[in-house]
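Take a walk through this protein, one stop at a time. Keep the structure in view as you read.

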Amino acid sequence: MSYWNTYKSVVLATLFFSLLLTSCSAPLPPPKETVAFEGGIMGTTYHITVVAAMNDDVSTAMAEAIEGALKHVDGKMSTYKDDSELSVLNRMAGGAYIPVSGEVFSMLQLALEVNRETEGAFDITVGPLVNRWGFGPDDKQEPPSDEELASLKALCGPEAITLDALTQSIQKVSDGVYCDLSGIAKGYAVDLVASVLEAKGFMNYMVEVGGEVRTAGLNSVGIPWKIAIEKPVDEGRVLQEVVGLSDISLATSGNYRNFYEVDGKRYSHTISPATGKPVDHNLASVSVLHPRCALADAYATALMVLGPEKGMAVAERLALPVMFVTHSDKGTFETRQSESFRAYIVD
Ligand code: ADP
Ligand code: MG
């Protein structure tokens with residue numbers, strides 16, 4: 001089953017760049033050993049590289065711990081799993097305060113903070129709209145009428161939920177309020193895997209889940225992790241830019257993989273809370289760097305909602321290193337990077 005943004009926009013590239021290294025005159029230490037872990041989760045894939053020597057017992061235990069952490073997040077925050085904590089919450093009636101787990105509560109809180117910071121663009125209460133437009137667990141249908149859209153929009157907005165930190169609970173103001181954490185959960189899953197690795201003493205690693213990446217320390221040849229960002233093309237995978245990352249996360253939000261077309265019109269999985277409709281602008285992808293992958297993920301989705309001009313203004317206000325790729329009238333791509341982003345680009 002395909003969910004949580006099956007195809008994603010970033011290709012990891014833990015490139016070794018031995019050519020670069022051989023051009024130096026001093027003899028270089030040989031690459032350190034690495035261990036790779038990969039698999040599928042949340043309707044997408046994950047790839048993890050750890051710079052370390054591990055015997056079979058340790059690597060098997062680490063593989064289990066990683067898989068366990070990823071399944072744990074899926075079991076809490078998936079809207080595709082009927083029995084996830086979030087799905088149970090979404091089926092509950094409005095009015096009463098419902099206690100939730102610490103992790104779900106902290107993601108709800110973080111999401112509300114990002115909502116405030118991004119002029120309402122990141123809004124996890126858009127769930128009813130996401131589902132109605134066919135980007136959630138519900139089947140695709142004809143686009144909604146204006147009347148239906150208005151009634152769904154009435155269920156959305158940050159005021160549709162109230163959080164109580166003391167009792168770690170959430171109140172949905174009415175029945176039908178539906179929270180969708182898909183725009184932040186992959187990033188959170190990346191952060192959780194990173195903490196699992198660090199708890200075991202691994203400090204040089206790259207974790208990627210569905211295109212959201214977190215790096216720590218250096219790669220096996222002692223340089224920052226080289227991560228390739230794809231061009232936002234519908235077919236195939238073409239390199240856009242390579243960034244060198246150490247102790248920072250990268251999330252990319254795009255409208256070129258998760259969309260459908262009706263009568264030649266493209267419907268994107270990113271919903272504008274202002275209009276209640278899929279966004280409709282020429283921004284093809286947004287990449288954001290932030291220490292926390294959950295935040296990079298949420299900001300990338302938010303900036304994608306805001307579009308090229310407002311999005312760049314908000315990114316500047318929040319001092320986020322970002323890269324925006326827009327479709328030009330000529331059918332080519334135009335790239336804009338904040339100055340802080342340019343510092344990460346490597347050849
Ligand atoms: P991307 O970052 O590529 O847009 P994500 O997987 O991070 O992809 O988030 C997209 C998902 O977030 C959508 O499929 C939907 O479930 C949810 N979503 C859509 N619009 C919004 C929004 N305005 N705010 C928060 N989440 C949203
Ligand atoms: Mg996101």
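A residue counts as buried when its relative accessible area is under 20%, and as exposed when that area is over 50%. Keep those two cut-offs in mind. Remember too that this is a predicted model.

Start with strand β9, residues 225-230. In a regular strand, side chains alternate between the two faces of the sheet. Now look at how that plays out here. W225, I227 and I229 point one way from β9. K226, A228 and E230 point the other way. Which of these residues are buried? All of them are. β9 is mostly covered, with six of its six residues buried.

Next comes the partner of β9. Strand β10 covers residues 239-245. β9 and β10 pair in the antiparallel sense, over six bridges. To find one contact, look for I227, which stands opposite V243 in β10. β10 is mostly covered as well: six of its seven residues are buried.

β10 has another pairing. Strand β17, residues 345-346, also runs antiparallel to β10, and two bridges join them. Find V242, then look across to β17. The bridge partner of V242 there is V346.

Now turn to the metal site. Which protein atoms are donors to the magnesium ion, ligand 2? They are G183 (O), D297 (O), D297 (OD) and T301 (OG1). These donors lie 2.0 to 2.6 Å from the ion. Along the chain, their spacing reads G-x113-D-x3-T. The site links distant parts of the chain: G183 sits in helix α7 (residues 182-199) and D297 in helix α8, 114 residues apart. G183 and D297 are both buried.

Aromatic rings are the next stop. A search of the whole structure finds one aromatic pair. What places W133 and Y267 in the stacked class? The ring centres are 5.6 Å apart and the planes meet at 25°, so the pair is stacked. The cut-off behind that step is an angle under 30 degrees. This pair, too, links distant parts of the chain. W133 belongs to the loop between α5 (127-132) and α6 (146-153), while Y267 belongs to strand β13. In sequence, 134 residues separate them. Both W133 and Y267 are buried.

Stay in that loop for a moment. G134 also has its place between α5 and α6. Is G134 buried or exposed? G134 has a relative accessible area of 9%, so it falls under the 20% cut-off and is buried. From G134 to N115, 19 residues apart along the chain, the C-alpha atoms are separated by 23 Å.

Strand β13 leads on to a pocket. The second largest pocket holds about 340 Å³ of space. Its lining has 20 residues, and S272, T275, K277, V279 and V305 lie nearest its centre. Two elements, β13 (265-268) and α8 (293-306), each give two or more residues to that lining. β13 gives the most, with three residues. What is the lining made of? It divides into ten nonpolar, four polar and six charged residues.

From K277, one of the residues nearest the pocket centre, look across to E64. E64 and K277 are 213 residues apart in sequence and 40 Å apart in space, C-alpha to C-alpha. E64 lies in helix α2, residues 56-77. At 57% relative accessibility, E64 is over the 50% cut-off, so it counts as exposed.

Compare N255. This residue lies in the loop between β11 (249-254) and β12 (259-262). Its relative accessibility is 9%, so N255 counts as buried. The C-alpha atoms of N255 and T332 are separated by 15 Å, with the two residues 77 apart along the chain.

Finish with the backbone angle phi. E119 has a phi near 55°, a positive value in a residue other than glycine. Its place is the loop between α4 (102-117) and α5. A319 also has a positive phi, of about 55°, although A319 is not a glycine. Look for A319 in the loop between α9 (308-317) and β15 (322-327). Why does A319 count as exposed? Its relative accessibility is 61%, and exposed means over 50%.

Notes. Residues numbered from 1 in each chain as written. Chains lettered and ligands numbered in written order. Predicted model: local features only at pLDDT ≥ 70, side-chain atom pairs only at ≥ 80, totals over all residues. Heavy atoms only, no water. 1 Å grid on protein atoms, 1.4 Å probe; cavity = no way out; pocket = protein on both sides within 12 Å on 5 of 7 lines; lining within 4 Å. Points joined across faces, edges and corners; volume = space filled by probe spheres on them. Helix = DSSP H or I, 4+ residues; strand = E, 2+ residues; numbered from the N terminus. Nonpolar A, V, L, I, M, F, W, Y, C, P; charged D, E, K, R; others polar. Donors = N, O, S within 2.8 Å, 3.2 Å for Na, K, Ca; no water. Buried < 20%, exposed > 50% of the residue type's maximum accessible area, 1.4 Å probe, protein only. Phe/Tyr/Trp six-rings, centres within 6.5 Å; stacked < 30°, edge-to-face > 60°. Pairing = 2+ DSSP bridges.
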